[in-house]
Every structure is written in C-alpha cells, then in structure tokens.
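User: I have a chain open on my screen and would like to go through it with you. Could you walk me through it piece by piece?

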Amino acid sequence: MDLTIQTPAVLFPAISLLLIAYTNKFLAIANLIRNLSSDYTKRSEAERPLLLRQIASLRRRVMLIRWMQAAGVASILCCVLTMFALYAQWQTSAKIVFALALLLMIASLVLSLIEIFLSAGALRMVLLDLQEKEQGR
C-alpha cells in the first residue's frame with residue numbers, strides 16, 4: 001500500500017478537535033480545583049474529607065488530560081513528519097511514522113476513556129454524599 005499526502009492530512013481535523021476538547025476539559029477542571037480549594041477553608045472539618053477526595057480525583061484527571069494532550073500533539077507532529085517523508089519520497093519511513101501517529105492517537109483516545117471513567121466516579125462520589133446528607137435529615 002502506498003501512502004499519499006492526503007492520508008495523514010485526514011487526521012488533522014480529528015486531532016485538532018480532540019485537542020480543543022481536551023483543552024476545554026482541562027480548563028473546566030482547573031476552575032473546579034480553584035473553587036474547591038477556596039471552599040476547603042470555608043467548610044467544616046466533617047466536610048473536608050470529601051473535598052480532599054474530589055481534589056485528589058481531579059489531580060489524577062488533570063494528569064491524564066496532560067498525557068492525552070501530549071499524545072495528541074505527538075500524533076499531529078507524526079502526521080506532519082509523514083507528509084514530509086512522502087514529499088521526500090521516503091515511502092517506508094512515511095509508513096512507519098504514520099503508524100506511530102495512529103498508535104499515538106489510539107493512546108490519546110484510551111487515556112480519554114480512562115479520564116471519562118474517573119469523571120463518572122467523581123460524580124458518583126458527590127451524588128453519594130448528597131444522598132447520605134438527604135437520608136441523614
């Protein structure tokens with residue numbers, strides 16, 4: 001199979017949209033961490049453990065998002081290198097670098113899936129806390 005210059009170019013819009021989505025997640029989590037940090041000093045001693053668990057979960061999610069972004073950027077960089085290799089008529093090198101771009105995209109998506117599960121777990125923690133408070137009334 002011969003690669004054409006259009007093949008790696010197909011990934012550009014997908015990777016760009018993913019990076020925008022990752023950046024939006026990062027910004028939302030950063031705001032949430034700031035809010036929880038300021039809430040920590042205002043909360044009672046009994047409420048602080050929940051906040052600390054939420055902050056720990058958010059810290060893990062921020063780390064995952066950072067790796068998701070890194071894998072996405074590396075993937076787009078490999079696509080550009082693939083296009084350069086194709087331009088230079090290095091077909092074998094282009095195939096190897098493009099395969100690496102696809103693997104990096106897969107890694108980014110897997111990390112995104114893990115982050116989604118962590119996010120759902122964090123929401124479950126908050127909902128359980130609300131349910132406990134409601135039952136304690």
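User: What is the reach of α4, from its first C-alpha to its last?

Analyst: Bearing in mind that this is a predicted model, α4 has 45 residues and reaches 66 Å from its first C-alpha to its last, which is close to the 66 Å expected at 1.5 Å a residue.

User: Which residues of α4 are buried?

Analyst: The buried residues of α4 are Ala94, Phe98, Ala101, Met105, Ser108, Ser112, Glu115, Ser119, Gly121, Ala122, Met125 and Asp129. An α-helix has 3.6 residues a turn, so residues three or four places apart point the same way.

User: And what covers the buried residues of α4?

Analyst: Their cover includes α1 (6-9), α2 and α3.

User: Glu115 is on that buried list, so what is its relative accessibility?

Analyst: Glu115 has 1% relative accessibility and therefore counts as buried, the cut-off being under 20%.

User: What does Lys25 do with Glu115?

Analyst: Lys25 forms a salt bridge with Glu115, and the closest N and O atoms of the pair are 2.6 Å apart. This salt bridge links distant parts of the chain, with Lys25 in helix α2 (residues 11-42) and Glu115 in helix α4, 90 residues apart.

User: How many salt bridges are there in total?

Analyst: The count comes to two salt bridges. Besides the pairing with Lys25, the side chains of Arg61 and Glu115 meet in a salt bridge at 2.7 Å, N to O. That pair also links distant parts of the chain, since Arg61 sits in helix α3 (residues 48-87) and Glu115 in helix α4, 54 residues apart. Taken together, Lys25, Arg61 and Glu115 are linked in a network of salt bridges. As a general point, side chains of opposite charge can pair when their charged atoms come close.

User: Are the partners of Glu115 buried or exposed?

Analyst: Arg61 is buried, as is Glu115, whereas Lys25 is partly exposed, with a relative accessible area of 25%.

User: Moving to α3, how many residues does it have and what follows it?

Analyst: α3 has 40 residues and reaches 58 Å from its first C-alpha to its last, close to the 58 Å expected at 1.5 Å a residue. The helix is followed by Gln89, whose phi is positive, near 65°.

User: What does Ser57 touch?

Analyst: Ser57, which lies in helix α3, touches Leu118 and Ala122 once residues up to four places away in sequence are left out. At 3% relative accessibility, Ser57 counts as buried, and Ala122 is among the buried residues of α4.

User: What about Leu51, which residues does that one touch?

Analyst: Leu51 also lies in helix α3 and is buried, with a relative accessible area of 3%. Not counting residues up to four places away in sequence, Leu51 touches Leu36, Asp39, Tyr40 and Arg43, and Leu36 is one of the buried residues of α2. Leu51 and Val126 are 75 residues apart in sequence, and their C-alpha atoms are 9.5 Å apart in space.

User: What do the buried residues of α2 pack against?

Analyst: They pack against α1, α3 and α4. The buried residues in question are Leu11, Ile15, Leu19, Tyr22, Ile29, Ala30 and Leu36. As for its length, α2 has 32 residues and reaches 47 Å from its first C-alpha to its last, close to the 46 Å expected at 1.5 Å a residue.

User: Switching to the surface, which residues form a nonpolar patch?

Analyst: Leu100, Leu103, Ile106, Val110 and Ile114 form a nonpolar patch on the surface, with about 450 Å² of accessible area together. Ile106, for one, is found in helix α4 (residues 91-135).

User: How many helices and strands are there in the whole chain?

Analyst: The protein chain has four helices and zero strands, and read along the sequence it follows the pattern α-α-α-α. Its radius of gyration is 21 Å, well over the 14 Å that the globule rule gives for 137 residues, so the chain is more spread out than a compact globule. The C-alpha atoms fill a box of roughly 70 × 25 × 20 Å along the principal axes.

User: And what share of the residues is buried?

Analyst: Buried residues make up 31% of the 137 residues. The accessible surface of the chain comes to about 8,900 Å², of which 69% belongs to carbon and sulfur atoms. Among contacts between residues at least 6 apart in sequence, 80% join residues at least 24 apart.

Terms used:
Residues are numbered from 1 along each chain as its sequence is written. Side-chain values use heavy atoms; hydrogens and water are left out. Patches are made of residues with over 30% relative accessible area and no salt bridge: like charges are joined within 9 Å, nonpolar side chains (Val, Leu, Ile, Met, Phe, Trp, Tyr) within 5 Å. Accessible areas come from the Shrake-Rupley method with a 1.4 Å probe; for residues, only the protein chains shown count as cover. A salt bridge is a side-chain nitrogen of Lys or Arg within 4 Å of a carboxyl oxygen of Asp or Glu. Helices (H or I, at least four residues) and strands (E, at least two) are DSSP runs, numbered from the N terminus. The radius of gyration is taken over C-alpha atoms; the globule rule is 2.2 Å times the number of residues to the power 0.38. Buried means under 20% relative accessible area, exposed over 50%, partly exposed in between (1.4 Å probe, protein chains only). Contact means heavy atoms within 4.5 Å. The expected span of a helix is 1.5 Å times one less than its number of residues.
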